[in-house]
Amino acid sequence: MKGIIENFDLFAPKLVDKEEYYSSGHRACQGCGEALAIRLMAKALGKDTVVTNATGCMEVTATPYPTTAWKLPWVHVAFPNSASVGAGVESALKVLRRKGKIADRDVKVVSIGGDGGSFDIGFQAISGAMERGHNMIYIVYDNEAYMNTGIQRSGGTPFGASTTTRPAGKESVGNTTWKKNMAEIMVAHRVPYVATACHSYPFDFMNKVKKARKVNGPAFIHCLAVCPTGWRCPSDVCIKMGRLAVETGVFPLYEVEDGKYKMTIEMPKKLRPIEDYLKPQGRFRHLKPAEIEIFKGMAMLEYNKVLERIKHSKSWSEMMKS
Amino acid sequence: MTEKKWPETWQNVNPGLMIFKPASSRSYLTGGWRAQKPVYDNTKCIKCGVCYLFCPEACITEDAEGFFTADLNYCKGCGICYHECWPRAIKMVED
Amino acid sequence: MSKRIGMEIAMAAAEAVALCRPDVIAAYPITPNTHIPEHLAEIVADGHLDCEYIAVESEHSALSACTGASAAGARVFTATSSQGLLYMYEIVPIVPSMRLPVIMCLGNRAISGPINIWNDHSDYMCVRDLGWISMFASNGQETIDMCIQAFKIGEHADVMLPVLVNLDGFQLTHVVEAMMMPDQEEVDKFLPPRKPFAAIHPDNVVSMGTLGLPDIYNEAKKANDEALINSKKVILEVWKEWEKMFGRKYEPIMSYKAKDADVVMLTMGSMGETAQVAIDELRKEGFKAGLLDLKLYRPFPADELKKALKGVKNLIVIDRAVMSGGAAAPVCAEVKSVMYDDPNRPVITNDIIGLGGRDVRVEDFKKIFKKAAAAKPERAYEIYGVRG
């Protein structure tokens, strides 16, 4: 039997918006977790949304001229600037609405990018846009490497993962550092709503997207996206891998609202063994037991940090009082 | 607006390569990519819709009776629906 | 009614831009153009302009935000120089390829290596081939006029391209001049609100910035090249309209005593005014010198150049940038290319002057004129005044 099944009504998939804002015919790999995540995000956002997209898998597979998979207004400019393009669109929509040049109703700006276009090359743009307080959501689809250009290492690659620029070899364990904690970085930017999510928990993800949409200011969602091609696992276990990442504590699902941390998917007292997560993935195949221990240590550090914060964090509104 | 012929001439190309037809990717049938296809056993199906929810291609739809089928024009044969169907109502067969 | 004002040209440029009612301004400060975004911020802060001013964290984000805002249908403006332009370089060709009007003021400053904040044209020369309509202002009045004209030209339904207005850093940006500043009513009459061809909004769903595979890229590039070339028609129309409204004439190449000159000099930017003083002095001495002031650089006015050089025997092209390792300096290379097929083309000398803000003096131009009159050039190009 599968591990934790999230608390959803078994028939809830039938209540989801039937409209497909991200349609079939896109050229993503079979079993692409990121494509699924984007499809779910678009359903949660609805039609009064504008999407800015960084260069990456999702951009090239969705919009080769003359066809587009998007049913939402969409703009792509370059690799590092999804957030700054989003900031520009947000400001334009704000002022045009104020001047009466466009319809007087809320249109949400959502900027998306991969871990490449967000953790690394796009970091500056996100930092600036979130810090300036634009009314927009930034969602990073983290498949833990620069997948579109052929699985190169990124700031989101975990310890021990073999990528083409930090491959495992006789003298190398693969990547030697842990992922950048983007959620923590965004909380440090005082973003009012920050959350981690995964497509394997679709209702948790969609609820977070809906919550982020309601914020009148910046919101940030870090969504883990399984890439069977890059993680070197069969395409049918895509959803399962996401579940294992959460159940082993490698990628806990939580949200930070006004600075207060809360776990959104209940975690058991005893986490599932990390080997269950590492074994099915070819990119970790080379890891020796001692190296798996290092991986475990790094993952548990981040997990325990989250638990600590959940225990001790106070909301910012509370902390603003002297 | 008349249908443009592909490949377009430079005079015909949309300014800035903008695309004005949403969801036009449906003209590209990705079904040719697959090596296996999902087959539904409706005696086991409990009509939960999980397969519909998890399909990255958005190609699974509900029929009038509430059962589900994959649109084989687009199905890439990834097997996610088969893996996630917990009553085991879906089988992947070679295609 | 236009008013005669005395103001630092950068601030006057900001005032002129404000009159155009931009919707979004995203700019990052860099010497010497800083006063333009600063003064615009003051104008917005005092409530004189209803505009979203994004104090972006880098020039790359400045142009990215402007692109996004233009895609959403707003009228946008940014300003930068030198290294800032190089930092936004990745986005510079993308803007015209998406057919989005963005107006940029470039305070011409030398590009680094060695770092130098003073005036030359090397920053513009990095972007000349990337698809922006480009004009060069020679003084404060032209700066104001070109800033306002740029919005009308770029946003025109037959153009839909970004426009770059060049003004020499420090030589123009930080100089106080007397200028005629139009008033809001005149500008509103000349410049109606922007009517975008397409805008990012759910009421009309469009995908912009799509992938151009090899089977369509050539056609996309040709379409854009034609759009830039054909924009000259609109530029000339807008200039005619400007002349009618404000009495000031603009042409792609304007002549100062070049008709009967024995030696003609071609310049761009503020150094042309220094050349005019040199020409007056030379004429007093009996030397028939003349000037051609190149105002429109992209699309390159080949026809106007051929016409202006008819009968000219001796031409000096003054560049203010180096084309490292190239056959000539940038403007001269282009002039030679245009004149190649003309059997009566003039003898062309190429002098590069004023790099990195080195002072360009009247005596320098007089020396250059006399040298060109005396003998044919020995080398393809010469950096004037280098010690050693």
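**Note on cavities, a pocket and an interface**

1. Two helices of chain A, α6 (182-188) and α11 (289-312), each supply at least two residues of the lining of the largest cavity. Helices here are DSSP runs (H or I, at least four residues; strands, E, at least two), numbered from the N terminus. A cavity is a set of points on a 1 Å grid over the protein atoms alone where a 1.4 Å probe fits but cannot get out; lining residues have an atom within 4 Å of a point.

2. The model is predicted, so treat it as such: local features need pLDDT of at least 70, side-chain atom pairs count only at pLDDT 80 or more, and totals for chains, interfaces and linings use all residues. Residues are numbered from 1 along each chain as its sequence is written, chains are lettered from A and ligands numbered from 1 in written order, and side-chain values use heavy atoms, without hydrogens and water.

3. Back to the largest cavity. About 160 Å³ of space lies in it; a volume is the space filled by probe spheres set on grid points, which are joined across faces, edges and corners. The lining has 15 residues. Nearest the centre are Asn181(A), Val250(A), Phe251(A), Pro252(A) and Glu302(A). Helix α11(A) gives the most to this lining, with three residues.

4. What classes of residue line the largest cavity? The lining has nine nonpolar, three polar and three charged residues. The classes are simple: Ala, Val, Leu, Ile, Met, Phe, Trp, Tyr, Cys and Pro are nonpolar, Asp, Glu, Lys and Arg are charged, and the others, Gly among them, are polar.

5. Helix α11 of chain A also holds a salt bridge, between Lys311(A) and Glu308(A) (3.8 Å, N to O). The rule asks for a side-chain nitrogen of Lys or Arg within 4 Å of a carboxyl oxygen of Asp or Glu. Lys311(A) and Glu308(A) are three residues apart in the helix, so about one helical turn separates them. Side chains of opposite charge can pair when their charged atoms come close. Over all chains, the count is 62 salt bridges.

6. The structure holds four cavities of 30 Å³ or more. The second largest has about 110 Å³ of space. Its lining has 17 residues. Note the cysteines: Cys55(B), Cys75(B), Cys78(B) and Cys81(B) are among those nearest the centre, along with Ile60(B). Helices α1 and α2 of chain B each supply at least two lining residues. By class, the lining has 13 nonpolar, two polar and two charged residues.

7. Those two helices turn up again at the interface with chain A. There, 44 residues of chain B are in contact (heavy atoms within 4.5 Å) with 45 residues of chain A. Three salt bridges link the two chains. One joins Glu84(B) to Arg243(A), with the closest N and O atoms 2.4 Å apart. On the chain B side, the elements giving two or more residues are α1 (50-54) and α2 (80-84). That side divides into 25 nonpolar, ten polar and nine charged residues.

8. The largest pocket is a separate case. A pocket is an open set of points with protein on both sides within 12 Å along at least five of seven lines. This one has a volume of about 720 Å³. Of its 35 lining residues, Gly16(B), Leu17(B), Ser97(C), Met98(C) and Ala220(C) are the closest to the centre.

9. Which helix gives the most to the lining of the largest pocket? It is α9(C), with eight residues. Helices α5 (94-97) and α9 (214-246) of chain C each supply at least two. The pocket lining divides into 17 nonpolar, twelve polar and six charged residues.
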